[in-house]
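Please look over the sequence and the model shown here before reading the report on its enclosed space and two of its buried side chains.

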Amino acid sequence: IVVKMAARLLSEERAIFFVCDMQEKFKPAITYFKEILEGNQRLVAAADILKLPIVVSEQNPKALGKTVAELGIATRATATVVEKTLFSMMTPETIELLQKHPERTAVVLSGIETHVCVLQTTLDLLQRGYEVHVVADAVSSRNQADRMLAFERLRQAGAVVTTVESVLFQLLRDAKHPKFKEVQKLIIPLPPDVGLAPKI
């Protein structure tokens with residue numbers, strides 16, 4: 001049976017986390033920044049628990065500031081920070097890092113902005129044959145229309161649009177996973193409203 005790449009479950013063995021441009025200067029400009037920050041915190045914490053590699057990009061940090069302190073990137077043993085001026089995260093440094101981990105063929109992508117850096121990173125990764133899981137409740141844009149239309153484009157291009165909780169349960173696979181209890185603590189609190197579902 002041939003399984004389409006986008007239909008495959010994530011696995012610990014294949015996953016690598018990309019966190020795109022979650023920087024100080026963007027805080028007041030991005031819709032739902034506080035809420036998607038919580039999603040990014042859960043993703044980064046889970047990657048840390050599972051000892052999965054994390055690539056964190058910073059767009060022109062001299063002008064836009066460093067990654068927000070709330071993500072605790074400096075304390076994450078598996079995290080690599082990449083400075084960039086490209087909108088895509090696929091800089092020569094990132095490409096070199098991926099080449100060092102050929103087994104990491106599934107990218108879990110979060111951050112900002114959905115219709116610019118997240119979209120361009122996704123398209124570059126798909127072109128190189130990677131499977132991309134864009135975490136909808138951990139990405140945003142300044143404008144909600146740009147964000148929602150970007151989700152359509154991402155799906156059309158072949159990316160998986162998913163959620164934090166779905167990603168974490170796929171990585172665990174089994175309640176007998178040795179790290180289940182640690183990761184479960186990240187999942188138990190309900191996620192904040194990030195504007196994806198219509199309010200009733």
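The report below takes up the cavity and then two residues.

This is a predicted model, in which local features need pLDDT of at least 70 and side-chain atom pairs count only at pLDDT 80 or more, while totals for chains, interfaces and linings use all residues. Residues are numbered from 1 along each chain as its sequence is written, and side-chain values use heavy atoms, with hydrogens and water left out.

The structure holds one cavity of 30 Å³ or more, a cavity being a set of points on a 1 Å grid over the protein atoms alone where a 1.4 Å probe fits but cannot get out, with lining residues having an atom within 4 Å of a point. The largest cavity encloses about 50 Å³, the volume being the space filled by probe spheres set on points joined across faces, edges and corners. Among the residues that line the largest cavity are Glu-35, Arg-42, Asp-137 and Val-194, and helix α1 (residues 33-49) supplies the largest share, four residues; helices are DSSP runs (H or I, at least four residues) numbered from the N terminus.

| Residue | Helix |
|---|---|
| Leu-186 | α7 (residues 180-187) |
| Arg-147 | α5 (residues 144-157) |

Leu-186 counts as buried because its relative accessibility is 18%, buried meaning under 20% relative accessible area with a 1.4 Å probe and protein chains only. Beyond its neighbours within four places in sequence, Leu-186 is in contact (heavy atoms within 4.5 Å) with Arg-42, Ala-45, Ala-46 and Ile-49. The C-alpha atoms of Leu-186 and Gln-41 are 9.1 Å apart, although 145 residues separate them along the chain.

Definitions and conventions
1 Å grid on protein atoms, 1.4 Å probe; cavity = no way out; pocket = protein on both sides within 12 Å on 5 of 7 lines; lining within 4 Å. Helix = DSSP H or I, 4+ residues; strand = E, 2+ residues; numbered from the N terminus. Buried < 20%, exposed > 50% of the residue type's maximum accessible area, 1.4 Å probe, protein only.
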